[in-house]
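Thank you for asking me to look through this entry with you. The numbered points below are meant for someone meeting it for the first time, and they are best read with the structure open alongside.

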Amino acid sequence: MSRPIRATISAAAFAHNLAIARRHAGAAKIWAVVKANAYGHGLLRSVQALRDADGYAMLDFADAVQLRGAGIDKPILMLEGFFKPEDIALLLKYRLTPVIHNIEQIEMLAKAGVGGPLDVYLKVNSGMNRLGFAVDNVRLAWNALDGNPGIGSVTLMTHFADADGEGGIAAQMQWFNEMTQPFEAPRSLANSAALLRFAEETRADWVRPGIMLYGCSPFSFKSAEEIGLRPVMTLTSEIIGVQHLQSGERIGYGMAYEAAQEMTIGVVACGYADGYPRHAPTSTPVLVAGQRTGTVGRVSMDMMCVDISDIPEAYVGTPVTLWGEGLSCDEVAQAAGTVSYELLCALATRVPVVEI
Ligand SMILES: *Cc1c(COP(=O)(O)O)cnc(C)c1O
């Protein structure tokens with residue numbers, strides 16, 4: 001038998017979450033964001049489960065080519081655009097829509113004499129100060145694309161830095177509207193947080209939900225369950241060893257945890273080489289035989305320890321849920337000082353995937 005760790009991916013949960021996005025999106029079209037191997041869920045299976053999306057947004061050319069090879073013919077948005085002049089031929093060959101966010105890309109397009117029509121997204125920096133044209137260059141970028149006969153449609157886009165936080169979207173919305181007001185073009189603004197929290201203002205023509213499709217919440221103040229989302233990935237394993245500790249005995253690398261009283265410890269076949277965060281502290285939540293308990297001591301490469309003192313039926317072979325159904329990945333991430341995005345993306349390739 002193989003090691004008992006599994007990531008179960010639910011196609012029904014994908015469809016359910018996409019329907020929620022659709023409800024918020026109204027008449028807007030949906031780019032399902034499937035970058036980073038669909039947030040660790042597997043690119044092709046995720047795209048197939050999200051077949052009702054209007055298009056797919058990603059970063060890697062190899063991923064886009066893989067989807068075209070698999071017969072996916074919906075629009076594909078390349079969120080970082082393209083990188084080198086030779087990429088332009090791939091954009092045309094595979095009908096990919098690049099995000100144009102710097103002058104260098106515009107120059108490459110001009111030089112290449114694009115045999116188009118190549119649809120593009122023009123990214124405006126409305127305050128996040130990551131990718132995009134700032135106010136002094138938006139006009140220049142627009143004119144260059146508008147005047148290039150190889151360019152088909154231009155869609156204006158921006159990205160919110162704090163749609164999930166106190167800052168919200170107001171300042172960026174206002175700045176984006178001011179900068180793009182002279183230009184007649186479709187618009188795309190919303191990530192999951194903006195779509196769920198400010199749908200009316202932000203849905204525009206195309207929305208770009210990511211994390212919500214995977215059943216996690218973009219918010220620290222509202223759970224996925226409260227939003228009505230269902231977890232797509234459930235990471236499970238089993239107890240493969242049991243230890244009985246006396247008060248004062250220590251456990252794991254660094255002897256980092258000391259038992260304050262007698263304890264029973266379950267050793268779970270899941271470690272940081274599977275994608276479980278090594279920095280998860282003692283008491284990070286976990287389910288053993290469906291009951292909530294916590295981790296104990298340091299997470300090691302292939303194993304971790306959990307407290308089963310109050311779960312007498314737990315023994316070798318007892319199922320353990322690390323996150324997913326019954327225990328939101330958001331909660332585990334929060335305990336580990338990170339976000340569900342990071343845990344999902346980090347799922348290791350050595351973990352077998354079961355599709356349901
Ligand atoms: C990743 C990403 C998204 C999706 O964000 P979520 O928070 O996962 O919904 C949307 N737009 C852009 C530009 C992104 O990079």
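1. Two strands are said to pair here if DSSP finds at least two bridges between them. With that cut-off in mind, strand β2 (residues 29-33) and strand β3 (residues 55-58) qualify as partners, since they are joined in the parallel sense over three bridges. Within this pairing, W31 is found opposite G55 in β3.

2. Before going further, please keep in mind that this is a predicted model. As for its overall make-up, the protein has 356 residues, of which 53% are buried, and its secondary structure amounts to 13 helices and 18 strands. The C-alpha trace extends about 75 × 40 × 35 Å along its principal axes.

3. Strand β2 also has a second partner, because two bridges, enough to meet the cut-off of at least two, connect it to strand β9 (residues 206-207), and these two strands likewise run parallel. On this side, K29 is the residue that stands opposite W206 in β9. Why can β2 be called largely enclosed by the rest of the structure? The reason is that four of its five residues are buried, where buried means under 20% relative accessible area.

4. The ligand deserves a careful look, and a reader may begin with its surroundings: 13 residues surround the ligand, and the closest of them are K35, Y39, S192, I211 and Y341. The space that the ligand takes up is the largest pocket.

5. Which polar atoms of the protein lie close to oxygen atoms of the ligand? S192 contributes a polar side-chain atom, 2.5 Å from an oxygen atom of the ligand. From I211, a backbone N or O atom lies 2.8 Å from an oxygen atom of the ligand, and for G210 a polar backbone atom is 2.9 Å from a ligand oxygen. The ligand has 390 Å² of accessible area on its own, and the protein covers 92% of this.

6. Two residues that are not glycine have a positive phi, and both can be checked in the model. For A36, which belongs to helix α2 (residues 35-39), phi is near 50°; this residue is partly exposed, with a relative accessible area of 41%. N129, in the loop between β6 (118-123) and α7 (135-146), has a phi of about 60°. Is N129 buried or exposed? Its relative accessible area is 59%, so N129 counts as exposed, the cut-off for that class being over 50%.

7. T318 is placed in the loop between β16 (304-307) and β17 (319-323), and its relative accessible area of 9% makes it a buried residue. A polar atom of the T318 side chain lies 2.8 Å from the backbone nitrogen of Y315.

8. Finally, Q243 is part of strand β10 (residues 233-245), and with a relative accessible area of 45% this residue is partly exposed. How far apart are Q243 and V299 in sequence and in space? They are separated by 56 residues along the sequence, while their C-alpha atoms are 16 Å apart in space.

Note on methods: Residues are numbered from 1 along each chain as its sequence is written. This is a predicted model: local features need pLDDT of at least 70, side-chain atom pairs count only at pLDDT 80 or more; totals for chains, interfaces and linings use all residues. Side-chain values use heavy atoms; hydrogens and water are left out. Buried means under 20% relative accessible area, exposed over 50%, partly exposed in between (1.4 Å probe, protein chains only). A residue is near a molecule or strand if one of its heavy atoms lies within 4 Å of it. A polar contact is a pair of N or O atoms within 3.5 Å; within protein, one must be able to donate a hydrogen and the other to accept it, and residues adjacent in sequence count only if both atoms are side-chain atoms. Accessible areas come from the Shrake-Rupley method with a 1.4 Å probe; for residues, only the protein chains shown count as cover. On a 1 Å grid over the protein atoms alone, a cavity is a set of points where a 1.4 Å probe fits but cannot get out, and a pocket is an open set with protein on both sides within 12 Å along at least five of seven lines; lining residues have an atom within 4 Å of a point. A molecule sits in a cavity or pocket if more than half of its atoms lie within 2 Å of its grid points.
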